[in-house]
Amino acid sequence: MNFAQALTLPNLRFIFDGLLVTLEVAVISIVFSFIIGGILGVIRFLRIPYLSKIVGLIIDIIRNLPLLLIIFFTYFALPQIGIQFSIFWSAVVALTIFESAMLSEIIRGGIEAVPKGQMEAGRSTGLNIAQTMYYIVLPQGIKLMVPPLVSQFVSLIRDTSLAVVISLPELTHNSKIIYAQYPSTVLVMFIIMTVCYFAICYSLSLFAKRFELNYQK
């Protein structure tokens, strides 16, 4: 274990660059997947004829596929039909597709946990479905969604490391390059990766707990 060789300024800068890419991919994917997952979850909840069943089938297919397969499909297969992304956006698209399917079920479950009488009460006051969902159902459902949503976001952050297979220059990829060049730094690199991933995921969990407490006040 060679700390001196691992913690040189160029290596630290290289690791930090990888950490930034990890955070960029994670944040963009979280935003996109939350928006898309929310729309899909509401569609499933509303049980729109035909559309909800089609959406449900697509979600079930995606949820039962390995994320690694979706990453390979996005980067290697889509160019065969004329759709090509950079390495960065291939990772974002793959993560967004996968996480949207996961989040849609969490959001649908949170909405369905709200007593049905709340929807009926909102409709009886003259609100349309969209207004009832926005003002009455979602504010109650989000309290139930926060813990599983955060858990899924944490999983997404960890899953960014899978993009190493398409050479996304994120934290795991850059650390791997360093310990490939300097074998004596393997353990140090794994310690650094562990600390970085833990710090990000634990910070997100703390933020979620604070948000949940403030939301319940």
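Cys196 sits out of the solvent, with a relative accessible area of 17%, which makes it buried (under 20% relative accessible area; exposed is over 50% and partly exposed lies in between, using a 1.4 Å probe and protein chains only). Cys201 is buried too, at 11% relative accessibility. The structure here is a predicted model, so local features need pLDDT of at least 70, side-chain atom pairs count only at pLDDT 80 or more, and totals for chains, interfaces and linings use all residues. Residues are numbered from 1 along each chain as its sequence is written, and side-chain values use heavy atoms, leaving out hydrogens and water.

What keeps Cys201 from forming a bond with Cys196? The two sulfurs are 11 Å apart, which is too far, given that a disulfide is a pair of cysteine sulfur atoms within 2.5 Å. A search of the whole structure turns up 0 disulfides.

As for the overall fold, the protein chain has 9 helices and 0 strands, where helices (H or I, at least four residues) and strands (E, at least two) are DSSP runs numbered from the N terminus. The C-alpha atoms fill a box of roughly 70 × 50 × 20 Å along the principal axes. Of the 217 residues in the chain, 41% are buried. Contacts (heavy atoms within 4.5 Å) reach a long way along the sequence: among those between residues at least 6 apart, 77% join residues at least 24 apart. The accessible surface comes to about 12100 Å², with 69% of that belonging to carbon and sulfur atoms; areas come from the Shrake-Rupley method with a 1.4 Å probe, and for residues only the protein chains shown count as cover.

Next, the interior. A nonpolar core is a set of buried Ala, Val, Leu, Ile, Met, Phe, Trp, Tyr and Cys residues joined through side-chain atoms within 4.5 Å. The largest one holds 33 residues, and Ile111, Leu149 and Leu171 touch the most other members. Helices H2 (9–46), H5 (87–112), H7 (129–159), H8 (171–181) and H9 (186–216) each put in at least two residues. Leu149, setting aside neighbours within four places in sequence, is in contact with Phe34, Leu103, Ile106 and Ile107. A second, separate core of 20 residues includes Ile43, Ile62, Phe98 and Ala163.

H5 is largely enclosed by the rest of the structure, because 20 of its 26 residues are buried. At 1.5 Å a residue, those 26 residues should span 38 Å, and the end C-alpha atoms are indeed 38 Å apart; the expected span is 1.5 Å times one less than the number of residues. Glu105 belongs to H5 and is buried, with a relative accessible area of 15%. Beyond its neighbours within four places in sequence, Glu105 is in contact with Arg44, Ile59 and Arg63.

H3 (residues 51–63) also has the expected length: its 13 residues should span 18 Å, and its end C-alpha atoms are 18 Å apart. Ser52, Val55, Gly56, Ile59 and Ile62 are the buried residues in H3. Seen down the helix axis, the buried residues of H3 fall within an arc of 130°, so they line one face; the arc is that of the directions from the axis to the C-beta atoms. This buried set packs against H2, H4 (67–77) and H5. On the face of H3 turned away from its buried side are the exposed residues Lys53, Ile54 and Leu57.
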